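Trainee: Before we discuss this entry, could you put the sequence and the structure in front of us, so that we can go through them together?

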Amino acid sequence: MRARGSLFWDVLGIHRETLAGIREVARTGPLHGIGIDSWAIDYGLLDRDGLLLGQVFSHRDARVDGIAEKVVAEIGAPALYATTGIQQLPFNTLYQLVAARGTAALESAETLLLLPDLLGYWLTGAVGAERTNASTTQLYDVRAGAWAVDLCRDLGLPWGILPPLRDPGSLLGPLLPEVAREVGVGADVPVVAVGSHDTASAVVGVPASGGDFAYISSGTWSLVGLELDAPVLTEAAREADFTNELGVDGTVRFLKNVMGLWVLSESLRSWSERRYADVELRSLIAAAAEFAPLRTVVDINDPRLLAPSTAADPMPERIAALAAEAGETVPHSPVAITRCIVDSLAVAYRRHVRTAATLAGTSPEVVHVVGGGSQNELLCQLTADACGLPVLAGPVEAAALGNVLVQGRALGADLPDLSAMRDLVRRSYDVRRFEPRDGTDWAAAERRVG
């Protein structure tokens, strides 16, 4: 939602819907536990009475424009990466806080809570930061396993507002009595700190049968990477702009953030608002599958694709402008633009799967695609073709499954490790396999993107 030129989350509306969801589940049967995962980066500020200070900004708000460059100039990119191991994304929590320096809200804040921790606080009254999400903020020291206090001091940030860290699988506590009454459950229902970054939960839900796999959590964002035992903090990893985020059971999600299906969904919204005929997603994907492959590819991670589509600056026109700028065939129709987006995503997936493997010294044998993008058969097939590896697509709700699996173990289920959790997913859900096809020069397409 926009107000006075800024972009905010309706966080109280999200809380209201969280309560409605708990209430609905409780009506259908016994409720054994609750776990919350969400996107990363965004946060709320609490005052000394535990009340929310102002609105919760969206990471897509323009207040962060130009901030990352100033911080890098002050601290140095190598020093930042050596401490945090995090990809340089302009909206990281670190940059949001630097943008907020001097504001009344930040100066009055007693506590910062990332979004899933804020929702958990309203359910239980417990204050904390779950590590998989904390590690995405660029405020976390990946070597020390603690908040990067010295970095905060160097940037004049109030590090004392950062809450205690907690591990996935720990108990926040029971529901507050007033919350239990409102949703109609017993006050002893526990709330569990799961992998609260949704990608951390999604990686738990990957139905892998071994360790030699790459994953793509494909949705609004695409998270492309590997599961490792330790971070990769080399200069080559920094220059490739890969991120080291924590996973469940002490793992590291070594990955690259890719703009993802956001670009397609915003294009669909733009076409719908302009009343284009036949812009339903399924028919567009079917038509795009028949369209000339790799006719147009663009850098799908270009920052100009980050902001929401508007009437004055619609997403399809941004795609066309990027194509023209790169000397590519300019797509005009919804089908041509859709094929451009899907091809460009597959090119990005190819690049980042291969780069991750080189940087980590591994050789993945398969790519698991989970999340909403696993339903896009064209994207899955093109990913197999581009990467030269089989793609196993599904489950769609991997994040929800990973959430429930971590809850289950915390509440006593016999799921001792990630292997056991994934074995249960594999036995419970069918996945679709896409074999790579020859005949398309994906290497040349990748070179065109630069």
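Mentor: Please keep in mind that this is a predicted model. Let us begin with a pocket and its lining.

Trainee: How many residues of each class, nonpolar, polar and charged, does the lining of the second largest pocket have?

Mentor: The pocket in question, the second largest, has a volume of about 480 Å³, and 18 residues line it. Sorted by class, its lining has eight nonpolar, seven polar and three charged residues.

Trainee: Which element gives the largest share of that lining?

Mentor: Among the residues closest to the centre of the second largest pocket are Leu281 and Ile285, together with Gln375, Asn376 and Glu377. The elements that give two or more residues to the lining are helix H12 (262-273), helix H13 (281-289) and H16. The largest share, five residues, comes from H13.

Trainee: Turning to the sheets, which strands stand at the edges of the open sheet of seven strands?

Mentor: The order in this open sheet is S15-S16-S14-S13-S17-S18-S19, and the pairing is mixed. One side of each edge strand is left without a neighbour in the sheet, because each has a single partner strand, and the two strands concerned are S15 (243-246) and S19 (432-434).

Trainee: In which sense do S14 and S16 pair, and what is the bridge partner of Ser222 in S16?

Mentor: Strands of a sheet pair through backbone hydrogen bonds, either parallel or antiparallel. Strand S14 (residues 222-228) and strand S16 (residues 252-258) pair over seven bridges, and the sense is antiparallel. Within this pairing, the bridge partner of Ser222 in S16 is Val258.

Trainee: At about what angle to S19 does helix H16 run?

Mentor: Helix H15 (residues 334-360) lies across strand S13 (213-218), S14 and S16, and runs at about 20° to S14. Helix H16 (residues 377-387), by contrast, lies across S13, strand S17 (366-370), strand S18 (391-393) and S19. The angle of H16 to S19 is about 45°.

Trainee: In the open sheet of three strands, what is the bridge partner of Ile34 in S12?

Mentor: The order there is S3-S12-S11, with mixed pairing, and the edge strands, each pairing on one side only, are S3 (34-35) and S11 (170-174). S3 and strand S12 (residues 190-193) pair in the parallel sense over two bridges. In S12, the partner of Ile34 is Val191.

Trainee: Finally, what is the radius of gyration of the protein chain?

Mentor: The protein chain has 19 helices and 19 strands. The chain is as compact as a globular protein of its length, because the globule rule gives 22 Å for 450 residues and the radius of gyration is close to that, at 22 Å.

Technical notes:
Residues numbered from 1 in each chain as written. Predicted model: local features only at pLDDT ≥ 70, side-chain atom pairs only at ≥ 80, totals over all residues. Heavy atoms only, no water. Pairing = 2+ DSSP bridges. Helix = DSSP H or I, 4+ residues; strand = E, 2+ residues; numbered from the N terminus. Contact = heavy atoms within 4.5 Å. Axes fitted to C-alpha atoms, helices over the stretch in contact; angles between N-to-C directions. 1 Å grid on protein atoms, 1.4 Å probe; cavity = no way out; pocket = protein on both sides within 12 Å on 5 of 7 lines; lining within 4 Å. Points joined across faces, edges and corners; volume = space filled by probe spheres on them. Nonpolar A, V, L, I, M, F, W, Y, C, P; charged D, E, K, R; others polar. Rg over C-alpha atoms; globule rule 2.2 N^0.38 Å.
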